[in-house]
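Good morning, and thank you for the invitation to speak. I would ask everyone to look at the structure on the screen before we discuss its charged side chains.

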Amino acid sequence: AGTLSELGDLAADGLPVLGECGGLMAMSQSLTTAEGERSEMAGILPADVTMHDRYQALDHVELEAIEGTLTANAGETIRGHEFHYSSAAVDGDARFAFETVRGDGIDGDHDGLTEYESLGTYVHVHPESGAFDRFLESIAN
């Protein structure tokens with residue numbers, strides 16, 4: 001747990017942290033297993049994740065950036081896929097980076113929880129989408 005709380009501190013200090021799927025789960029406030037055991041996570045993103053016995057989403061995804069974020073400029077679309085057995089309950093004041101053009105994302109309409117300079121998504125973006133290039137540019141600046 002030490003490593004997760006350190007990651008949380010670094011994110012709060014402005015270090016850009018990018019997490020996809022399992023990374024989103026690690027960046028959340030808590031993770032509850034399908035059996036009901038709850039663990040504290042890094043606490044970067046305002047979400048509580050719960051594991052399920054059946055997959056919750058399996059699809060190709062297209063996201064449109066609402067505002068500039070680590071992996072896309074405002075208005076850009078990125079593509080990827082999602083396959084996850086967890087769901088995330090987000091706080092009312094949660095900020096999303098993307099609207100889902102296709103796919104479920106986090107709440108059916110959005111993906112990419114953003115807090116500080118960090119971003120967590122359910123989608124695994126395709127390398128050709130340019131998302132990683134954008135991430136490297138944004139941390140270089």
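Let me begin with a question: is Arg-79 buried, partly exposed or exposed? Please keep it in mind while I introduce the chain; note that this is a predicted model.

The protein chain contains three helices and eleven strands. Read from the N terminus, the order of elements is α-β-α-β-β-β-β-β-β-β-β-β-β-α. The radius of gyration is 14 Å, close to the 14 Å that the globule rule gives for 141 residues, so the chain is as compact as a globular protein of that length. Along its principal axes, the C-alpha trace spans about 40 × 35 × 25 Å.

Of the 141 residues, 39% are buried. Among the contacts with a separation of 6 or more, 55% are made by residues 24 or more positions apart. The accessible surface of the chain is about 7,200 Å², and carbon and sulfur atoms account for 47% of it.

I now turn to charge. The chain carries 6 positive and 27 negative charges, and the mean positions of these two groups are 5 Å apart. Side chains of opposite charge can pair when their charged atoms come close. In this model, five salt bridges are counted.

We return to the opening question. Arg-79 is partly exposed, with a relative accessible area of 48%, because the exposed class begins only over 50%. Its partner in a salt bridge is Glu-62, with the closest N and O atoms 3.4 Å apart. Glu-62 lies in strand E5, residues 57-65, and Arg-79 in strand E6, residues 77-84, so this pair ties together parts that are 17 residues apart in sequence. Glu-62 itself is buried, at a relative accessible area of 18%.

The next example centres on Arg-38. This residue forms a salt bridge with Glu-40, where the closest N and O atoms are 2.7 Å apart. Arg-38 is exposed, with a relative accessible area of 52%, and Glu-40 is exposed too, at 54%. Arg-38 also meets the side chain of Asp-48 in a salt bridge, at 3.7 Å from N to O. Asp-48 belongs to strand E4, residues 47-51, and Arg-38 to strand E3, residues 38-40, so the pair ties together parts that are ten residues apart in sequence. Asp-48 is partly exposed, with a relative accessible area of 24%.

Which residues, then, are joined into one network by salt bridges that share partners? They are Arg-38, Glu-40 and Asp-48. Thank you for your attention.

Conventions:
Residues are numbered from 1 along each chain as its sequence is written. This is a predicted model: local features need pLDDT of at least 70, side-chain atom pairs count only at pLDDT 80 or more; totals for chains, interfaces and linings use all residues. Side-chain values use heavy atoms; hydrogens and water are left out. Helices (H or I, at least four residues) and strands (E, at least two) are DSSP runs, numbered from the N terminus. The radius of gyration is taken over C-alpha atoms; the globule rule is 2.2 Å times the number of residues to the power 0.38. Buried means under 20% relative accessible area, exposed over 50%, partly exposed in between (1.4 Å probe, protein chains only). Contact means heavy atoms within 4.5 Å. Accessible areas come from the Shrake-Rupley method with a 1.4 Å probe; for residues, only the protein chains shown count as cover. Lys and Arg count as positive and Asp and Glu as negative; His and the chain ends are not counted. The place of a charge is taken as NZ of Lys, CZ of Arg, CG of Asp or CD of Glu. A salt bridge is a side-chain nitrogen of Lys or Arg within 4 Å of a carboxyl oxygen of Asp or Glu.
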